[in-house]
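Q: I have a model open and would like to go through some of its local features. Could we start with the backbone?

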Amino acid sequence: VPEHVWRINLDVPEEAQQNLSFGGADRWWEQTDLTKLILASNKLQSLSEDVQLLPALTMLDVHDNQLTSLPPALGQLENLQKLDVSHNKLRSLPEELLQLPRLRSLLVQHNELSQLPEGLGQLLTLEELDVSNNQLTAIPTSFALLVNLVRLNLAWNQLRELPADLSAMKSLRQLDCTKNYLETVPSKLATMPSLEQLYLRKNKLRSLPEFPSCKLLKELHAGENQIEILDAENLKQLSSLCVLELRDNKIKAVPEEITVLQKLERLDLANNDISRLPYTLGNLPQLKFLALEGNPLRTIRRDLLQKGTQELLKYLRSKIQDEGPGPNEEPPVTAMTLPSQSKVNIHAITTLKLLEYSEKQAAEIPAAVFDAVGSNPVATVNFSKNQLREIPPRLVELKDSVCDVSLAFNKISCISLELCLLHKLTHLDLRNNVLTALPEEMEALKRLHTINLAFNRFKVFPSVLYHLPALETILLSNNQVGSIDPVQLKGMDKLGTLDLQNNDLLQVPPELGNCENLRSLLLEGNPFRTPRAAVLAKGTAAVLEYLRSRIPT
C-alpha cells in the first residue's frame, strides 16, 4: 500500500501546495478524515501497522489478497464498523481485534483458520459474522454473548457439534451450518426467539432437529443428510415454515401431519425413498413448489410428476374424496377394532402381507392387532417407533410366514426367546433401542441375512452373529463396541457389509484384511490411530489391502 495512503489524514494534499489560494471554507482536508478504505483484489501479503494513522475508518475492505496475518494495530480503529478480510490466507486473528467497540460486520470467510479467538464474544456490537470456508473444528463458548448478532455463517468447516449456548443469541435471524459434520443439533437452539432461516445441508443428521419454540422459523434447509424419519411431533412445532428442503435424504414416509404447515410454499423431497404420499398434501393452501423426482412413488405416475406442482396438487386433492373406506377394507367392529381411532389395516394384511402398528408411541401392541391376522400369512411386521420395552410375545404366532421384522425406535433392552423361533426371518431391524447383548439362542435364525443394531448400547460385538452363516449385512454403528474377532469374521463367507462406524475400536486387527468377501467395511468415527483417515477415504478394497500389508509374517 503506498505510504501516502496511510498518511492521507496527516499530509497536506498536493494541490494545496501549488500556490492556489484556498479560503478557509475550501480547506477540505482539514475538515474530514478518511472513513472508507477499499484495498480489495490486490496482491497484498501484509498490512502495515500504519493503519492506526486512520482512526476515523468505519470500513476497511481487504478481501481477496494474500494476507497471512493482520496487524495488531487494527485494534486501534475504534470507529471501525465493517471489516472484510475474506478470501485471504489467514491462519489466525489477532487478539487486538476483540477491542473494536463499534464493529458490526466481520467477514473472514475463505481463509485457513483452524480456531477463532476464545474472546470473540467481546464484540458485543457485532451483527454479522461470516467464518465459512475455514477449517474450524469448534466454536468458542463466548459466542453466546453476541446478543446483537443477526447473521451467523459457519458453513463449510469441520464442526462436529454446535454449543447449546448459541441459544442465547436472541437477535439471530439466519444461521448457516451447511457442510459440516453435525450429527445432531442441540435442542436448546430451538429457543432462539428470532431465528428465521436455518441451513443444515450436507451434514450427518439422522433425524430432523426438534424446534419446540421456533415460532418464527420460515426456512429449514436440511438436504443431503441421512434423515430417515419425519417425526410428526416435530413438524407440528414449525407453524411458520414457508420452505422445507429435505432433498437427498433417506426419508421413507411423509406423515399426514405435514398438513399442519399451512404456510408452506416450497417443499423439496427429491431423491428420497418415499413410496407413497399423504393425499392431504393437496390441501396445503400456499404450496407453490413440490419436488418429488427420484422417489420410488407407487401411487403417482411419472408423467404426472412432470406436469408440475399445480397438476400434482389437483390430483392429490381428487384422491382425498376417493379414499373413503372401500367395502373390503372396513373391518367388522368386533375383535378388529382397536381402542385408538386407528383400526387395523385389514387390506394391508390380506394384499401386502403386512402387519403394521408403528408411530403410535404404544407401550405394548394391542391384542386386536394380532387377532386381526386370523389365518392370513404375514411376511412383514412393522412395530417401529413405539415405546415397547420387550419383544411382543405373540410375534411367535407368525413364525411360519414372517421374514421381515422391524422393532426399530423403541426401548427394548433384551431379546426374548420368542424372536429366536421365527425360523424364516431374513431381515431384522432393531436399531435405536437400548440393547446391550443378544442371546445365543438366536443361532437358530439360519436364514437371517440382514441385521440392523445401530444406535444401541453394545460394548462387545455380539458373539452369536459369528454363528449365523447366512448373514450378508451387519449394521452396528453408533454403539460402544471395543473389539472384533477377525478369525471368526473370516469364517462368515456371505458377509458383504460390516458397518462399525462411531464405536470404541482402539485398534483394527490386521487380520481383518483377510475378509476378502467384504465389499463395504465402514470404520469412520472410531478412536483407533491406524488406518489413518486418508486410507479409510480410499474405500474398502484399499483398507483391506492396507490391513493385509500389516499382518506380521
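A: Certainly. This is a predicted model, and Pro531 is a good place to begin: Pro531 is found in the loop between β20 and α9. A cis peptide bond joins Thr530 and Pro531, with omega at about 0 degrees.

Q: And which residue between β6 and β7 has a positive phi?

A: That is Trp156, with phi near 55 degrees in a residue other than glycine. Trp156 lies in the loop between β6 (151–153) and β7 (174–176). At 41% relative accessibility, Trp156 counts as partly exposed. Lys385, in the loop between β14 and β15, is not a glycine either and has a positive phi of about 55 degrees. As background, most residues other than glycine have a negative phi, and most peptide bonds are trans.

Q: What is the confidence like across the protein?

A: The average pLDDT is 89, and 92% of the residues score at least 70. Residues 324–342 are a stretch where pLDDT stays under 50. For that stretch the model has 23 contacts beyond four places in sequence.

Q: Changing topic: how many aromatic pairs are there?

A: The count comes to 2 aromatic pairs. Phe370 and Phe383 form an edge-to-face pair, 5.8 Å centre to centre and with 85 degrees between the planes. This pair links distant parts of the chain, 13 residues apart: Phe370 belongs to helix α7 (residues 367–371), and Phe383 to the loop between β14 (380–382) and β15 (404–406). Both Phe370 and Phe383 are buried.

Q: And how are Phe461 and Tyr466 arranged?

A: Phe461 and Tyr466 are stacked, at 4.9 Å centre to centre with 20 degrees between the planes. Phe461 and Tyr466 are both buried.

Q: Which charged residues sit over rings?

A: Arg266 lies over the face of Phe289, at 4.1 Å from the ring centre. The charged end of Lys360 is placed over the ring of Tyr357, 5.5 Å from its centre.

Q: On to helix α10. Which of its residues are buried?

A: In α10 (residues 540–549), the buried residues include Thr540, Val543, Leu544 and Leu547. Viewed down the axis of α10, the buried residues fall within an arc of 95 degrees, so they line one face of the helix. In general, an α-helix has 3.6 residues a turn, so residues three or four places apart point the same way.

Q: What covers that face, and what is on the other side?

A: The cover over the buried residues of α10 includes β20 (520–522) and α9 (533–536). On the other side of α10, Ala541, Glu545 and Ser549 are exposed.

Q: How many disulfides should I expect to find?

A: A search of the whole structure finds 0 disulfides.

Q: Why does Cys403 not form one?

A: The closest cysteine sulfur to that of Cys403 is in Cys420, 17 Å away, which is too far for a bond. Cys403 is partly exposed, with a relative accessible area of 26%. Cys242, by its relative accessible area of 17%, is buried.

Q: One last residue: is Leu57 buried or exposed?

A: Leu57 counts as buried, at 0% relative accessibility. Leu57 lies in the loop between β1 (36–38) and β2 (59–61).

Q: What does Leu57 touch beyond its sequence neighbours?

A: Leaving aside neighbours within four places in sequence, Leu57 is in contact with Leu34, Thr35, Lys36, Leu37, Leu77, Asn79 and Leu80. The C-alpha atoms of Leu57 and Leu47, 10 residues apart along the chain, are separated by 15 Å.

Key. Residues are numbered from 1 along each chain as its sequence is written. This is a predicted model: local features need pLDDT of at least 70, side-chain atom pairs count only at pLDDT 80 or more; totals for chains, interfaces and linings use all residues. Side-chain values use heavy atoms; hydrogens and water are left out. Rings of Phe, Tyr and Trp (its six-membered ring) pair if their centres lie within 6.5 Å; planes under 30 degrees apart count as stacked, over 60 as edge-to-face and the rest as tilted. Helices (H or I, at least four residues) and strands (E, at least two) are DSSP runs, numbered from the N terminus. Buried means under 20% relative accessible area, exposed over 50%, partly exposed in between (1.4 Å probe, protein chains only). A charge sits over a ring if NZ of Lys or CZ of Arg is within 6 Å of the ring centre and within 35 degrees of the ring normal. The arc is that of the directions from the helix axis to the C-beta atoms. Contact means heavy atoms within 4.5 Å. A disulfide is a pair of cysteine sulfur atoms within 2.5 Å. pLDDT is the predictor's confidence in each residue, from 0 to 100.
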